[in-house]
Amino acid sequence: MKIVIAIIIFALVGVLYEQLSRRNVRKKTIPGLMIDMGGRRLHVTDSGGDGPTVVIIHGAGDSSYSWTHIRNELSTFTRVITFDRPGMGSSDLGPDPTPDHTVKEIHDLLEKMAITGPCILVGHSLGGLISRLYAMEYPEKVSGLVFLDSTHEFLKDDVKFKQGFAALGVMLKILRILSPLGIPRFFGNVLGILPMFGSEQSYYRKQISSSEFKQWKEMVYQVFAGRTAGAEFKMAQAHIEVAASRLNTSKENPQFGDLPIAVVNNPGFGGNWTEMQKELASRSKNHFHKTSDRKGHSLQMPRPEYVLEAIHYVVNQTTK
């Protein structure tokens, strides 16, 4: 009986802790803009000024808040746009993240923002795959590509990859169930444990202000509590299959001609992963590739200087 009472008290305290925390978050000002996309809003930041427009496309289960330090640095020499896909970060819920939708979302957003000129797309993980799909659909709107530990079409039949994404999907379901009890928040705030980010968060903490870091963690908890992150991992395979199909039918050799491409990858996924990243770079005659010396899939955190170097390379190529 005492155990049951203790569990009930623990659950009630957790619920109270979570609800109070969420209420405090709702009171805070969201950085950037909320752009109406026809009945739902996307969270966008638009900073910087002169120079090519750089659009950052975050990975699955993530948000634009993981790119605050990169955005701040880029805005000193060019225009940079970040956004949260529907149901992620501060954006409203939207349709299921199918390949056609994720590509059209970028197109519609840029049109809504009256950005008519070609942009440099910076895609991380699944965002890299979305970037390639967009570049194949709207080649005239892309002036350069930066792939950061990008998901590759060659993973289409990779059993370990499928198992890994399935495991992440299960983990996100568990986190979603536990979120109303405040357990993910407790692990993150008290024990310093944030699934999907591991030791990378220790680097990130040093690169942004304490208030920005706290806000980023709140977005992580918000993503854990929602259903969209799991849906993105589930739809990753569909993105891969569509990309593989379009790659096989491409008449260009290399696929992107002399479009500037820069690729950076983390070494933690092994030699095959690095070879895939080199292959991505080879899709243009004008390319740059670098492997980080620090592990971590969110490599903009352990090695932001490598990410900035890659973006600088493409920006410089487009302004020659």
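The following legends describe close-up views of a predicted model.

**View A. Strand β3 and its residues.** Strand β3 spans residues 53-57 and is mostly covered, with 5 of its 5 residues buried. The side to which a residue points divides the strand into two sets: T53, V55 and I57 point one way, while V54 and I56 point the other way. Residues of both sets are buried.

**View B. Pairing of β3 with β4.** Strand β4 comprises residues 79-83 and runs parallel to β3, to which it is joined by 4 bridges. Within this pairing, V54 has V80 of β4 as its bridge partner. Between the two strands the chain passes through helix α2, residues 68-74, and the resulting β-α-β crossover is right-handed.

**View C. Pairing of β3 with β5.** Strand β5, formed by residues 119-124, also pairs with β3 in the parallel sense, over 4 bridges. Here I56 of β3 is placed opposite V122 in β5. I56 belongs to the set that includes V54, pointing the other way from T53, V55 and I57.

**View D. Surroundings of R40.** R40 occupies the loop between β1 (33-36) and β2 (41-47). This arginine counts as buried because its relative accessibility is 17%, below the limit of 20% for that class. Leaving aside neighbours within four places in sequence, R40 is in contact with I35, P86, D92, L93, G94, P95, H101 and E105. By contrast, a separation of 33 Å lies between the C-alpha atoms of R40 and V263, which are 223 residues apart along the chain.

**View E. H101 in helix α3.** H101 is part of helix α3, which covers residues 99-112. With a relative accessible area of 15%, H101 is buried. When residues up to four places away in sequence are not counted, H101 touches R40, P86, P95 and D96. P86 and P95 are likewise among the residues in contact with R40.

**View F. A nonpolar patch at the surface.** F186, F187, V190, L191 and I193 make a nonpolar surface patch of about 440 Å². One of these residues, I193, lies in the loop between α6 (183-189) and α7 (200-207). The relative accessible area of I193 is 43%, so this residue is classed as partly exposed, a category that lies between the limits of 20% and 50%.

Terms used:
Residues are numbered from 1 along each chain as its sequence is written. This is a predicted model: local features need pLDDT of at least 70, side-chain atom pairs count only at pLDDT 80 or more; totals for chains, interfaces and linings use all residues. Side-chain values use heavy atoms; hydrogens and water are left out. Patches are made of residues with over 30% relative accessible area and no salt bridge: like charges are joined within 9 Å, nonpolar side chains (Val, Leu, Ile, Met, Phe, Trp, Tyr) within 5 Å. Accessible areas come from the Shrake-Rupley method with a 1.4 Å probe; for residues, only the protein chains shown count as cover. A salt bridge is a side-chain nitrogen of Lys or Arg within 4 Å of a carboxyl oxygen of Asp or Glu. Buried means under 20% relative accessible area, exposed over 50%, partly exposed in between (1.4 Å probe, protein chains only). Two strands pair if DSSP finds at least two bridges between them. A crossover is right-handed if, with the strands pointing away from the viewer, the path from the first strand over the helix to the second runs clockwise. Contact means heavy atoms within 4.5 Å.
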